[in-house]
Structure formats: C-alpha cells, structure tokens
Amino acid sequence: MLKEEDAVTTAEHPPMSLVKEPSPSMVEGTVVEHQGGGRVVEARPRPAWTQSAEALRQHALYARDNALDWAGHHVAHSPYYVGWSVRGYRRLGRRWLDAHHDHYPQMIGSIRQALRDAAGDPAAETKLKAMLEQRREEYRRAKRIHWAKSGGWTLAAVGGVGTGAVFGGLWVQIFMAIAFMAVGARHGRPASAVTEAPLLDGGGVATSVAAAGPMRDAVMSVDQLVEGKVPFPVAVAKTPEELAECVLRAMLAEGVPVVEVADVVRHPWGWQCVVRVSSGTPEAIIKVAGALETRFDLPMNGVRPQPMVERRACAILRLVEGDPFASAPGLPYRAPKSISIKDKSRVGTSIGGEPLDIALAGVMGLFVAASGGGKTGLLQALGEVATACDDNITIDLDPHGDGLEDLHDAVRITARTHQQIEAVLLFLLMLSKARARLRKKLGMGKKWDISPEHPAFTAIFDEFPKASDLAKRLAFELLLVGRKEAVSLQIASQGGTKLYLGENIAQMIAMKVVGPCKVGDTRAVFGDGAVAEGWLPHRLSPATDTDPKDAGHIYIQGVPGRADEPIEYKIHEMPAEALKKIASERLAAGLVEPDQTSLDAMAGVDLPDIDGLPELLTWEQLLKLCGATPPAGAAAPDGRAATALADAVDLMTKAGVDRMRTEVLTDALVDYDAAYADLTPDALKALFREAGAGSPVPLGVIDGQKNPRGFKRDVLFRARGDMP
C-alpha cells in the first residue's frame, strides 16, 4: 500500500462546478488528478484484522507461525500506524477531558439560563440559586476525585515504564515502544472502511471515494475530517456522508462546538440530520443560523434548527431548499355535527410530516401573527372545527375586521360593535359563574361535562388590541374562570407584548400559537429564553401581495396531549368557496343552542364589580342585539305577554324610573288596567320570559332594600324591539 498523503487544493475558495458521479469501485491508495489542477489521495481502507474478531484471530495465528515476516511487514508500514497512534492518543485526551468535566458545565449553564428566565420570581430564584451552588460544589468534588484517580494511574504507569526502561534492556524498551504505539493505534483506527467524506479539488469538484451509503443513520464525527479543507455549499453534497461533512465543516468554521452528525435523511425539500455539540446547548447553532445559510448557499430561513427535548446536546437540523409542506394533505371534510369539541381534529402538519391535532374543549388560546402572517386562515381553521361539533356554540368577535368571514353562516353569534362585544363577553362571564354553582347540582364534578345537552361555548376574538377597555377587562376575567365551565376564549392579535394586549396575559394562557412576528413577540409569548431553546417564529416571513412566503406557518405550545417542542407547523387553509359551502350545510343542519338549565341559573348570580357594565341580556336579547336568528322553534309572544311588556315600559316611563321590583311592577299593572286583576308576580315573570325579557335581575339599592330583584326599563325596551 502507498503512503497516505494529504489532499491539496489550489484555491482557498473553490468555485462552484459540476459534481462528478461517485466511482462504482474503490481504488486503494491511488493519487488521482482532477480537473482544475488539484489532486487528492484516495483513502486507504482499514485492514480486515481491525474490523473482525475472526480476522484478528487468523492474523494472530499468522504472526505466531511467521513472526519474522509479520514483524517485517509492520515495520515497513509503521508510518501507517504512527498516524493512527497519534490520532488515538488525541482521542484519549479528549475522553479524559470529557470525563473530567462530566457534563457539569452544561448543567450549570442550564441552571444559569433558568435563573435568568425566573427573574422577578423570588421563590424560583432562591430555589435555582441553591441548586446552582449545589451543582458547583458537586463539580468541584468530582474534579478532585478525578484528579486523584488520574494521578494514581499516571504514577503507576510512569513508575512501571521507568523501571522497564532503566533495568529492562533494549528488547524491553522496543517492546514497550511497540505496545505504546499499538494502544494508540487501536484507539485511532479509522471508523469505517466503506464510508469516506468527499474532498474538494482545486476546481471545487467533490469526489466521493466510496459508494453512497444508506440514507439513514449515517454518522460522521470531527475526527474523520481531513484537516485543511474549506466548507462547501450543500448543493455539492450528493450522499449522506457528503452532507455530514458539509455540515461539520460549516459549523466548525462558524465556531460551533460540533461533535458529530448522524441520522442523515434526504427529503424532496432538502436534508435533515441530527447534530450533537460537545458543550453548551444547540443555542450555538441558532445564533449562527444566518451565517450558516451563507455557508450552505441556502435561501433565507433555509437553516432550521430544532433542539431536541430528550437529548439536550442535540438538535434536528433541517436544510431547506424547497417547500417542506408541499406534499402535506389538505383538511378533511367534516359533516355538520359529526364531531365533538372534545375530539382531536387535524388543522395542520409539522415540518416533519406529522399531523397537528387540536382539541379545543376547555382550552384558552392566544394567537399572534403580524399582518400577512396568516392569522385569519388560522382562526378559520379553528372555526371550521368548532362549527362542525354537535356540542359547541361558536361565537365570532371582531371590533375591526370581518372575523371568520366565509364561515359566518355556521357561527351562532357574530359581534362587531363595541356594544355587541361587551354584551357577549358579559353574558359568557355570567354564564361561567352560573355553571360553577350549577355543576354540583348536576353531579358533574370539578369541571363542566360537555355534551350535546350541555354544550360548550367557543368565542374567537380577533383584533383584540382594537377592543374597548371594558371588553379587554371582561375578556381577562373570562380567561380566569371560563375553562372549567367549558366557556373558552381564543384571542388573536398582531403582537404579543403588553403594548398590544393591554395586560401581560400571554404567560397565563395555556395554548400559545405564534406565526411570523417580531423577536419581542416571541419572547413575550414563549418566555425570555425561548429563542435559545429553538422557538423561532420571528424568522418566518409574512406574506406580500404577490408571495405567500411563510403565512400560516406557526410554532405552538400548550396543545393537550402534545409535548412543547420548538417544531414548525403549517396550518392548512380552506378555499373561500369551500368554507361558504360547509357553512351553508351546517346552518341547514341547525346550529347548537345553549342548555336552558344554564340560562335559568344565570338569574341567580351577581354582576362583577366593574365600572361601566352594560345590562346583562338574556340569550334571546343577545341574539337580537347581534342580529342573529332566534332559536329554532321559538314562538312569538302571545298578545297578553306583548301587551304586558308594552304597558310595563309605559308605566316606568311615566313614573320617571328606570327599574322596578317585581312585586311593585305587578301592583302597578293591576292598578293600571283591570285586565291585570288576577296578575301575580310569578305570572308576570312568566309573561316577560315569554316576551324575551328574561328573568328578574339584581337592581341595587331601591325601596329601602339592599339589592332586590326586578326588571329594568332598558331591558324591557330591547325585548319589545324599541331602543331608548
């Protein structure tokens, strides 16, 4: 075999050129001239006796029977093993250093990051500081023990070698030298006989010296790299081994403490692999993602690292040349009332091809995306699921835009004005309070048992920053109490900071979804250390008039039954015509109505102590205020109920009052007209309920009583169809 030489390149930055096809067979130890004037020495394969126990046994038998020939062969090829030996002791040195640190720097660094994230939480800071001091003490103790062990073994080895060298004579010295080199060579032998990384010749041409390896489980470490070579674009890589070298060289050039590349997979859209770092975390990759895109010659956002939760030192690295979601399936057709709000329903796909399934029951959500980020499409995808359920009532709130747009027909209530939105939020807040007191009576336990007979409510609140201050306050209160009562609120905004949301509510909401945005929004929603952990929605680009870019791409936390991992997803939007069609089908099948038990229980709860509250409307009044159709089968009030309602309004107007206790109003009607001679308070309440005025409500201090119940003139106006 020939002596191995280093490959020589003729240009420090080789130009791009065509890539040669790999040779179908390996030429051992041959110097090959390449176009461009460069040359490369093809890698020498490992001897068979270093790869197989049986081959090693045969080699030992040969050495025993042919000692002189065996010794002469190895002496003649000793330079071949010297390189192995040097590399072996270099590896042993790195192993000693890794054992000396024993991952403590990484653990201490993680605690420091957690301490920074916990700023402002005294209890958490105290706990983390104690943990940090404990880890430091453990690190110091571990280093002392390791130094002691290393010193003992070193003293024994040096003593033995020194004794042999002084008293053993020439043959003992030769034997020790051979043994020393053999130990190093054993640890420094090449890792593979059939897989070698490509070398760039002077013309920028990559030449593979082995047949292409498997598409999965390809592994390459920094120890296998030939020194002195420059990074090259990812387009040059044609095999997993070539891609592994491409990644290693680029990351080393950018100062990333990379150790190895594994699990290389070729996809139609590009490459995917697992990268392991020797110290710190994969944050080092995230910090230089832009520079790596230049090294790899990829488009903006073409380098997409995803730190692995189960392996702290590793990250999944995706090198994206095309659209990773091009082959993702569209949303399935869901017939009217065919699913439950408790079911998981697919709304998108991950960059790895796995479905994004979401169950909306009892989930509060925050959706943040800049203009052009695909927020409307995301909310429509959620609305499409919510309106397909047989146990959910969908409400659309938007003080500025058109909300769910083409799904309008399938939505039970659509509120656009501040008055409508405030009335809806107050109704939902009071409904939650009523259900909290009702659960025990119905035997439901600690949370509302959702069913077609006792449906959930899902309110989708778009353009939240443009809502009134009162609406924001009511929404905040609902976020605190609505989950257990199956009254969910999904808030959408163009930003996630306090400037947009009014309150720092992002961290208190369970499910958080962020699309193309600013880095400040990423930190506000996912936490201060989110970027270092791989949450990168701010690297996504919003759509323009002519290019959709990354609209509809999101990162998400808090999905029930799914681990919080920094994975990029794409929400699958439905065409406008398809949404209109399914909305018409669902309207024709009948929309879900609230249970009467919950509506009746609302009469027994007090309003919150919030200034400027509107009147608490009944369900029928709320539908009328928002221009929604009345409940199916609802009958118009008979003449007596309508007359009683009109007469009560006239009485209050003439008396100059805006409210009356039920008993006082009953007596006034009896005196007003002989037709009411047999009227009782219970009969009056039944008439008003039939007319759509609802049940008596707390009136505050009146007639010397602290807070009796009765009817308010404004509510009766609305039930009659008049406005004051």
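Okay, so the protein chain here has 21 helices and 22 strands. Keep in mind that we're looking at a predicted model.

A few overall numbers before we zoom in. The chain runs to 724 residues, and 46% of them count as buried. As for the outside, about 34700 Å² is exposed, with carbon and sulfur atoms supplying 56% of that. And if you take contacts with a separation of 6 or more, 67% of them are between residues 24 or more positions apart.

Now, two helix pairs. Two packed helices are described by the angle between their axes and the distance between the axes, so that's what I'll give you.

Pair one is helix 7, residues 240-253, with helix 9, residues 289-296. Their axes come within 10 Å and cross at roughly 130°, which means helix 7 is oblique to helix 9. The crossing is right-handed. Who's touching whom? From helix 7 we have Cys246, Val247, Ala250, Met251 and Ala253, and they meet Leu292, Arg295 and Phe296 in helix 9. Sorted by class, that contact has seven nonpolar residues, no polar ones and one charged.

Pair two sits later in the chain numbering: helix 18, residues 639-655, and helix 20, residues 681-690. Here the axes come within 8 Å, crossing at roughly 100°, so helix 18 is roughly perpendicular to helix 20. On the helix 18 side you'll find Arg640, Ala641, Ala644, Leu645 and Ala648, and across from them in helix 20 are Leu687, Phe688 and Glu690. That contact splits into six nonpolar, no polar and two charged residues.

Definitions and conventions: Residues are numbered from 1 along each chain as its sequence is written. This is a predicted model: local features need pLDDT of at least 70, side-chain atom pairs count only at pLDDT 80 or more; totals for chains, interfaces and linings use all residues. Side-chain values use heavy atoms; hydrogens and water are left out. Axes are lines fitted to C-alpha atoms, for helices over the stretch in contact, and angles run from 0 to 180 degrees between N-to-C directions. Helices (H or I, at least four residues) and strands (E, at least two) are DSSP runs, numbered from the N terminus. Angles under 35 degrees count as roughly parallel, over 145 as roughly antiparallel, 65 to 115 as roughly perpendicular and the rest as oblique. A crossing is left-handed if the near helix is turned anticlockwise from the far one by less than a right angle, and right-handed if clockwise. Contact means heavy atoms within 4.5 Å. Ala, Val, Leu, Ile, Met, Phe, Trp, Tyr, Cys and Pro count as nonpolar, Asp, Glu, Lys and Arg as charged, and the others, Gly among them, as polar. Buried means under 20% relative accessible area, exposed over 50%, partly exposed in between (1.4 Å probe, protein chains only). Accessible areas come from the Shrake-Rupley method with a 1.4 Å probe; for residues, only the protein chains shown count as cover.
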